[in-house]
Amino acid sequence: MALTLVSSQHSEPAGCSASGCGGNESALAHLPPQIRDKVKDHPCYSEEAHHFYARMHVAVAPACNIQCHYCNRKYDCSNESRPGVVSELLTPEQAVKKVLAVAATIPQMSVLGIAGPGDPLANPERTFATFRELSDKAPDIKLCISTNGLSLPEHVDELCRHNIDHVTITINCLDAAIGAEIYPWIFWKNRRIKGRKAAEILIAQQQLGLEMLAARGVLVKVNSVLIPGVNDHHLEEVSRVVKAKGAFLHNVMPLIAEAEHGTFYGVMGQRGPTPEELQRLQDSCAGEMNMMRHCRQCRADAVGMLGEDRGDEFTLEKIDAMEIDYPAAMQRRAEYQAGIEQQRQQLHRRGETVISLDALRPQRHRSRPLLVAVASSGGGIINQHFGHAREFLVYEATALDVRFIGHRKVDLYCSGSDHCNEEESTLQQTIRALNGCEVLLCSRIGFAPWEALEAAGITPNGEHAMESIETAIAAVYQEMAAAGKLAITAPIALQRGA
Amino acid sequence: MAFTIISGCVNCWACEPLCPSHAIYAAIPHFRIHANLCSECDGDYSDPQCASICPVEGVILNGEGVAVNPLGSLTGIAPERMAKVMAEIQAR
């Protein structure tokens, strides 16, 4: 949600939007109503929706038909959160049971995705059996898949038959020479194919699949993994081309590569991008395309709001012990989600009365942008204790608007047993993760971390607890601007992006 | 002659539906191949199907007991490099 500027009685949610942030409500304003309806409660397609709605993945698709250098099919760690990792594989029957149990327990649940741990379309029987049952038993849940695209063209008709109208294709390149550096092999027409030829086939299939889906009106999101030195200079072109072919949203994600993951990139020492590099690329694509910036790169069996994983509450054993009245649960979900929509309307209305154009105008050309980190457990408000936050939402405030630009995770990966559960290093890690942010908004914060943050040039602020995120940031920005802390000539400006 | 699956198989199911002889079955701790059913795809495909989609190096052996996908052949990581990095991780 962008900060809306009002000069008078105007009360419609206006289109003064964050530039190019795809999930952004106002960035969606130009879309036809039927598409807006499709994304408004989808946490992966709408930045605003991700504060309010939950998703889950079911791990019914273990097989894969390609190898990517950032993936290791052997890896399975319950403490890790990244794509391709799961705790237990489910049959379609078990998956359906799990979805119904989760949807009965988490009323924010609006979306079910199949994303692996292999490729959903390399396991078409298991994937479509799951979708068939679910569209019958939980018709209110949106169904989606995330695929590498190799088998997409042959399954497009079936996807449409099952009413799956959100499809994510991971497209890392259009150039086979680059592809050959990312994909060591594919399985194609009963043979393993390597090198450039493999990349050519994969790329052609992805592009064909995208065109076919777009022609049928299916909403397509394109995911790309940003791999410094491999495809970083190429992704702007990817963004342009997929947009021209009808993709709705582009999600550029940072490469995750650690030696202990056993992936090619991890073992070979390929680095991932810094938050600044990621943001720069997202910004450079944003002029052309809706960009998604709130992706959490979740596990293939993740459950809950983006950024949280409640999978442990729904193991097969625990689900078996649950007694659920499915029709009643669906009714509760509908009521709860109607309540969410009301709450969102209120937030929109409140957001509009915060700052008047007149108040901002004098500063417009005299104050610089400010990065603000926020601890929130959902609902679009500042409601999390600093010490409980495992990730921070990062917003950029300018004199014109407040826009969401991404999130920074803290203890995302287990980096070997030596590093687990060390409070000291978690705080240091957090400070590193917040590089470039000058303000941290949270509901509360302890004295020791307060001091450490201040010493690192990040001002903690707990005065806006339980306020709407954008409203609070706008107020902080205004206050700092008024105090002359955001003057363009101030030396602190040099710290940004350092 | 028959292929065998050995420890290291990650039970990903990729091979099972491809086998023209229906020789592959899920088992604990990992998938197995019925020796008397496996034809090594002779007469059906030019390449043995299970070994052409298997994502893990070294876990499918041919009739001579030799890995069809030796170390380094699928990931592109030289075995020496992998051994060195794993030793470094162990030493942490």
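User: Let's start in helix α2 of chain B: which residue forms a salt bridge with B:E88?
Analyst: This is a predicted model, and in it the closest N and O atoms of the pair are 3.5 Å apart. That falls inside the 4 Å cut-off for a salt bridge. Both residues sit in helix α2 of chain B, four residues apart, or about one turn of the helix. The partner of B:E88 is B:K84.

User: Is B:E88 buried, partly exposed or exposed?
Analyst: The relative accessible area of B:E88 is 45% or less, to be exact 44%. Buried would need under 20% and exposed over 50%. B:E88 is therefore in between, that is, partly exposed.

User: How many salt bridges are there over all chains?
Analyst: Side chains of opposite charge can pair when their charged atoms come close. Applying the salt-bridge rule over all chains gives a count of 16.

User: Which residue forms a salt bridge with A:R216, and what parts does the pair tie together?
Analyst: The closest N and O atoms of this pair are 3.2 Å apart. A:R216 is in the loop between α6 (195-215) and β8 (219-226) of chain A, while its partner belongs to helix α4 (residues 152-161), so the pair ties together parts that are 59 residues apart in sequence. A:R216 is partly exposed at 38% relative accessibility, and the partner is partly exposed too, at 45%. That partner is A:D157.

User: Which residues of chain A are linked in a network of salt bridges?
Analyst: Here the salt bridges join up into a network. Its members are A:D283, A:E396 and A:R403.

User: Now for the two chains together: how many salt bridges are there between chain A and chain B?
Analyst: One pair is B:D47 with A:R191, with closest N and O atoms 3.1 Å apart. Another is B:R92 with A:E260, at 3.0 Å from N to O. This second pair crosses from the segment after α2 (79-91) of chain B to the loop between β9 (249-254) and α8 (264-268) of chain A. The count between the chains is two.

User: Is A:E260 buried or exposed?
Analyst: A:E260 has a relative accessible area of 17%. The cut-off for buried is under 20%, so A:E260 is buried.

User: How much area is buried between chain A and chain B?
Analyst: The contact involves 27 residues of chain A and 28 residues of chain B. Carbon and sulfur atoms give 57% of the buried area. The total is about 2,200 Å².

User: Which residues in chain A lose the most area to chain B?
Analyst: Three residues together make up 26% of what the chain A side buries. They are A:N190, A:R192 and A:V267.

User: How many residue pairs are in polar contact across the interface, and which elements of chain A supply at least two residues?
Analyst: The rule finds nine residue pairs in polar contact between the chains. By class, the side of chain A that touches chain B has eleven nonpolar, eight polar and eight charged residues. The elements of chain A that each supply at least two residues to that side include β6 (185-188), β7 (191-194) and α8.

User: What are the bridge partners of A:R55 in β3(A) and β10(A)?
Analyst: A:R55 belongs to strand β1 (residues 54-57), where A:R55 and A:H57 point one way and A:A54 and A:M56 the other, and all are buried. β1(A) pairs in the parallel sense with β3 (residues 109-114) over four bridges, and three bridges join β1(A) to antiparallel β10 (residues 303-305). The partner of A:R55 is A:V111 in β3(A), and in β10(A) it is A:G304.

Key:
Residues numbered from 1 in each chain as written. Chains lettered and ligands numbered in written order. Predicted model: local features only at pLDDT ≥ 70, side-chain atom pairs only at ≥ 80, totals over all residues. Heavy atoms only, no water. Salt bridge = Lys/Arg side-chain N within 4 Å of Asp/Glu carboxyl O. Buried < 20%, exposed > 50% of the residue type's maximum accessible area, 1.4 Å probe, protein only. Contact = heavy atoms within 4.5 Å. Buried area = accessible area lost by both parts, 1.4 Å probe. Polar contact = N/O pair within 3.5 Å; in protein donor to acceptor, adjacent residues only side chain to side chain. Nonpolar A, V, L, I, M, F, W, Y, C, P; charged D, E, K, R; others polar. Pairing = 2+ DSSP bridges.
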